[in-house]
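Biologist: Could you take a close look at one thing for me, the salt bridges in this model? I'd like to know which residues pair up and where the partners sit.

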Amino acid sequence: GGTFDLDGNAESGLFLTGFNQPVVRNVKIIGSALFGIYVRDCCEDDISHCTFQKAGDPTSPDAGYSGQFGYGLIHAYSCYSRVSNCIGYEGWHTFEAADGQRDITYTDCMVLSDGHGFSTHENCVSVSYINCRSQARLPMVIRARYLTIQGGEYVSTNSDASFSFSGWAGSITGAKIKSEVTGTMIRANAMGILGTEPVTPPVRFTMANCILEFGTSCTVALGNESCDELVISNNTFFMNGISGNYNLLIAQKLVVTNNTFITKSNSATVQFVAQDGYFLRNIINKADTVSATASDLITIFPLSGFVSPMKLKIQDNVYTGNVRYVFKSNVVLPEDIEITCIRDSWHTTGGRIFIGPMTLSSYYNIAGDFYSTNLIYGQTFGPVLDKVIGDLILSKGTEYYDSMPTSSGSVGVGDIWNNAGVVSIKV
C-alpha cells in the first residue's frame, strides 16, 4: 500500500527487477517522470488494485508521440505476469508490455487517458485483456505477436485508430468498441517477419460477438495482404455516420458470417478483398434515408498479387433498405473472380444486385418486388452468367430459370434465354 506523489521529479515510483512471484497491492503513484512501476526480469509477478496518474505528458490529446513520454505500469523481459483491478489516468502510456515480455494478462483494469490506454512493443510475445475498459485518444495499440481480448469496452476520443493490432494471431471476443470521431476505428494488420524470427508463421485474426459503433467518416479496417485468414462472426456494426463509414476486410482467406450491419451511410458497407472469400448468413440494413444513387452494400476489390480466379461464396444473407448496388466488382476481367450466390434474400430498393466484371453462378435466391431480371444480373454491365437456377423474382411471380424464353429470337441483344437448359446471353 501507500501513495507516491512524485510531482514529475522522480523517474520511477517502484522498480522491480529479478524477483520471483513479487506481489504489489494498493499502491498509488502520481506524476512519475518516466515510470510509475517498472517490472523487469521477473516471473509470475502479481500487480493489483493500483492507481497510476499522469505518467509522462502528451503535449495535447492530438499530439501523437510529442511531449514527455512515460508509463504508468510497464513490464519488460518478464513472464507469466498478472495485472488486475488497476486504474490509470492521464499521461502518455498507461499500461505497457514492452520488449521481451511473455504471457501477461490484464483483468478488470481501466484507463481514462488523454494519451494511450493499453499498448505493447513489437517484441512482446503474448498479451491478454479480460474485461478491461479504456477511454483514451488511443484506447489500444497492440504490436505483440499474440493477442487475446475477452469482453471489455474501448472508446476513442480522437481521430487515430482507436484500436490497432499488428501481430501474428489475435482474437477479440465479446468486446464493445466505439468511436464518434473521424478516422480509422480499428486497424488490424498482419505483422511481417521480425529480425528475431527466421520464419513468419501463418497469420490469423478473429473477431466474434462484438459490438462496434462509429460515426461520420469513421472506418473499420481489418487485415492486409499478409493476413492468411480473417474470420469476422456474430458481430453487430452500428454505422451511424451519413458519409465515410465502411468496413475494409482484407485477407488471403476471408470469412464473414452471422454479422449484422446497420448503416445510415452513403458509402459502401463492406469492402471485400480476398483470394478466397465467404459471406454467409449476414444481415445488412441500409437506412431508407440513404441516397440510392450513392450507396453500395458490398464492393469487391482484387487482392494485391492475387492468383486468378479469386473466389467468393455468398449464401443465406438478407439485405434491406435503399441501395445503388448490392454487389459491385472492381476486378479487371470477369474471369478474375468467380462468385457463387445461394439462397440470398434481396429486399432492397434502388439499383442492381450484381454489377461489374465477374463470373456469376446464382442459385435459389429471392429478389423483392422492385427488381426485374435485367436489374438483378446486370449482364450488360460486366457480369458473365455461368448458371442461374431456381432464382425467385417476386415481381415476376415465378422462378426465373423456368420462365426464361427458350428462343433467342424472342429476346433482345444482351438479354438471357434458356438455350436447351443452358443460360445464354444473346449477342
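Modeller: Sure, and keep in mind that this is a predicted model. Arg143 counts as partly exposed, because its relative accessibility is 22% and the partly exposed class runs from 20% to 50%. Its side chain meets that of Glu122 in a salt bridge, 3.2 Å from N to O. That pair links distant parts of the chain: Arg143 is in the loop between strand 19 (138–142) and strand 20 (146–150), while Glu122 is in the loop between strand 16 (116–120) and strand 17 (126–130), 21 residues apart. Glu122 is partly exposed too, at 35% relative accessibility.

Next up is Arg343, which bridges to Asp316 with the closest N and O atoms 2.9 Å apart. Here again we're looking at loops: Arg343 lies between strand 38 (337–342) and strand 39 (345–355), and Asp316 between strand 36 (310–315) and strand 37 (318–329), so the salt bridge ties together parts that are 27 residues apart in sequence. As for accessibility, Arg343 comes out partly exposed at 44%, and Asp316 is partly exposed at 25%. Salt bridges can also share partners, and that is how Arg25, Asp46 and Arg82 are joined into one network.

For a pair on strands, go to Glu229 and Lys253, whose side chains form a salt bridge at 3.9 Å, N to O. Glu229 belongs to strand 29 (residues 229–233) and Lys253 to strand 31 (residues 246–257), so to speak a link between distant parts of the chain, 24 residues apart. Lys253 has 34% relative accessibility and counts as partly exposed. Overall, the count comes to nine salt bridges.

Key. Residues numbered from 1 in each chain as written. Predicted model: local features only at pLDDT ≥ 70, side-chain atom pairs only at ≥ 80, totals over all residues. Heavy atoms only, no water. Salt bridge = Lys/Arg side-chain N within 4 Å of Asp/Glu carboxyl O. Helix = DSSP H or I, 4+ residues; strand = E, 2+ residues; numbered from the N terminus. Buried < 20%, exposed > 50% of the residue type's maximum accessible area, 1.4 Å probe, protein only.
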